[in-house]
Amino acid sequence: MSIYLLTFITIVSFLYYFFTRNFNYWKARNVKGPTPIPFFGNCIDIFFRRKHIGMLFSELYNQYPDEKVVGLYRMTAPTLLIRDLDIVKQVLIKNFDSFPDRGVHYNKKQLGNNLFHADVTVMKILRKHLSSVFTSGKLKASFEVLASRADKFVRYLENATLKDAEINMLPGFRKFAIDSITMAQFGIDVDPYNHGNHMCDLLDAAIQRPTYLLELDLLFPGILMKFDLSVFPAIIADFSKKLFQIGSKLEDVSKTDSIRVMEVLMNLRRQGKVSSRKIIEGEKELWMEITDEILIAQVFEFYFAGYSNSSLLGTYAMYNLAKNPDVQEKLIQEIDDVLRKHDGKLTYEALKEMKYLQMVFDETMRMHPLTNSVSRNVGRDIQLDGTDFVIKKDTVISISPYGIHHDEKYYPEPEEFKPERFSPENAKGRHPCAMVSFGHGPRSCLGTRFAQLQFGIGMVKVFSKFRVEWAKNTVDKITYTPMRLLLTPSEDIYLRLIRRDTL
């Protein structure tokens with residue numbers, strides 16, 4: 001045998017061992033799960049972008065209906081998919097301190113310290129301060145700004161209906177979402193309705209396009225931090241920096257009745273060093289130096305969450321309301337009745353009275369949860385409730401929102417759009433973790449109420465003027481593209497808007 005052949009066999013054997021070394025992890029713990037493939041684990045379709053990871057997790061959720069947990073491998077990394085809602089509650093709420101981080105860390109100077117990805121210490125400190133943006137009083141103060149942006153959106157739709165019989169919903173809702181988040185939270189008018197302004201599409205493509213850096217970090221944990229790599233391209237970091245610089249200058253010279261994210265960030269910058277504001281007796285007070293890199297990362301997080309979730313949510317709601325005209329009629333009737341009580345004017349108080357609108361929001365989020373998975377990194381060896389094994393520190397835990405939300409145990413006829421599922425009577429006996437679109441516990445989405453406000457104002461303004469119908473090019477069923485981070489339709493969502501004053 002030649003030295004070259006021996007070397008080749010040695011290298012191949014080593015690589016095979018390296019990329020399969022963890023594949024007995026779940027079998028040794030008697031945890032059921034699919035058989036992994038060398039190098040790819042159970043994610044070969046994800047690696048080759050043939051399937052969205054949110055859909056893969058949902059399929060695995062459905063394949064093991066009698067299991068509380070399912071063991072799988074993201075590349076070579078053991079990952080535990082949680083199916084049992086009591087364990088979901090343990091991970092997200094009950095024993096949060098044992099599952100504090102998301103397990104994805106990258107270049108801190110290039111957006112890595114954003115509120116979503118930051119480690120638990122940074123998250124706790126920032127969350128205590130940034131939560132002031134989303135109190136009831138502050139949201140109410142932002143109402144008029146959001147309403148004026150929704151009026152611009154309606155004018156855009158009116159012009160669009162004069163030109164086209166069918167309208168592609170997602171690009172339009174993306175404009176509304178960007179317009180409302182940048183004006184309401186940063187005080188900046190980016191004018192997304194200008195046909196020569198392609199910034200929205202460029203940024204969306206840059207943010208949402210998945211890279212192979214996450215797979216690289218799964219194969220070689222910690223490599224992103226070691227080599228200062230970021231999962232987001234430089235154009236996103238540069239945009240976030242410019243948004244921060246412009247917003248900070250405007251904040252210095254303008255005073256408004258609303259409190260924006262920029263105002264909070266500037267206050268943090270002036271303080272220089274901030275704490276977590278100890279609120280529980282015996283709780284350790286945490287301190288952190290505030291740098292521009294940390295503040296810019298929060299600008300990115302608020303921008304991304306404020307536009308991407310809102311644009312998709314609005315698109316999915318319009319699609320389902322067009323598909324279910326009886327639901328749409330009920331929503332329009334509620335909007336008309338409440339506005340009539342308030343002399344035709346949409347106010348914060350009027351919006352709060354629209355209970356069916358809130359049900360439409362919840363049902364849309366149930367059917368189309370935007371989050372691929374709710375993930376946590378195990379912070380210490382711990383036994384999960386109802387299991388007989390100890391899960392080791394640094395194992396990744398994943399929860400499938402799509403799988404849970406489409407489980408007939410919690411939502412009969414899950415493929416049907418039924419907002420009444422979320423009436424007080426129907427929701428009363430449901431497990432609190434049967435809805436995980438925004439997570440739960442200390443790391444739940446901070447901007448949930450802002451998202452509800454943004455959605456509600458947009459829907460009221462649109463349906464005060466229009467009805468929506470399926471059109472010739474409307475797809476019968478939505479599928480999800482593997483080429484976006486969030487659950488995004490593979491198809492263009494074309495719908496027909498009918499002016500109500502012409503009926």
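**Exercise 1. Determine which residues touch the most other members of the largest nonpolar core, and which helix gives the most to this core.**

Solution. The largest nonpolar core has 157 residues, and Leu80, Tyr303, Met318, Leu384 and Phe463 touch the most other members. A nonpolar core here is a set of buried Ala, Val, Leu, Ile, Met, Phe, Trp, Tyr and Cys residues joined through side-chain atoms within 4.5 Å. Buried means under 20% relative accessible area, exposed over 50%, and partly exposed in between (1.4 Å probe, protein chains only). Helix 15 (residues 292-323) gives the most to this core, with 17 residues. Helices (H or I, at least four residues) and strands (E, at least two) are DSSP runs, numbered from the N terminus. A second, separate core of eight residues includes Phe19, Phe47, Met75 and Leu219.

The model is predicted: local features need pLDDT of at least 70, side-chain atom pairs count only at pLDDT 80 or more, and totals for chains, interfaces and linings use all residues. Residues are numbered from 1 along each chain as its sequence is written, and side-chain values use heavy atoms, with hydrogens and water left out.

**Exercise 2. Identify the residues in contact with Leu384, leaving aside its neighbours within four places in sequence.**

Solution. Contact means heavy atoms within 4.5 Å. On this criterion, Leu384 is in contact with Val69, Leu80, Ile82, Ile87, Gln90, Val91, Phe99, Phe389, Ile391 and Ile397, once neighbours within four places in sequence are left aside.

**Exercise 3. Explain why helix 3 (residues 53-63) is described as largely enclosed, and state what its buried residues pack against.**

Solution. Step one is the count: eight of the 11 residues of helix 3 are buried, so this helix is largely enclosed by the rest of the structure. Step two names them: Ile53, Gly54, Met55, Leu56, Phe57, Ser58, Leu60 and Tyr61. Step three gives their partners, which are helix 2 (44-47), strand 1 (69-74), strand 2 (77-82), strand 9 (396-399) and helix 19 (401-405).

**Exercise 4. Compare the expected span of helix 1 (residues 3-20) with its end C-alpha distance, then describe its N-terminal cap and its packing.**

Solution. The expected span of a helix is 1.5 Å times one less than its number of residues. For the 18 residues of helix 1 this should give 26 Å, and the end C-alpha atoms are 26 Å apart, which agrees. At the N-terminal end, Ser2 caps the helix, with a side-chain oxygen 3.2 Å from the backbone nitrogen of Leu5. The buried residues of helix 1 are Phe18, Phe19 and Thr20, and they pack against helix 11.

**Exercise 5. Decide whether Leu216 and Val436 are buried, partly exposed or exposed, and locate each one.**

Solution. Leu216 is found in helix 11 (residues 213-219). Its relative accessibility is 28%, so Leu216 counts as partly exposed. Val436 is found in the loop between helix 20 (424-427) and helix 21 (448-465). At 0% relative accessibility, Val436 counts as buried. Not counting residues up to four places away in sequence, Val436 touches Val88, Val374, Pro401, Ile404 and His405.

**Exercise 6. Describe how strand 11 (residues 494-499) pairs with strand 3 (residues 167-168) and with strand 10 (residues 466-470).**

Solution. Two strands pair if DSSP finds at least two bridges between them. Strand 3 and strand 11 pair in the antiparallel sense over two bridges, with Asn168 opposite Tyr494. Strand 10 and strand 11 pair in the antiparallel sense over five bridges, with Arg467 opposite Ile498.

Definitions and conventions. Polar contact = N/O pair within 3.5 Å; in protein donor to acceptor, adjacent residues only side chain to side chain.
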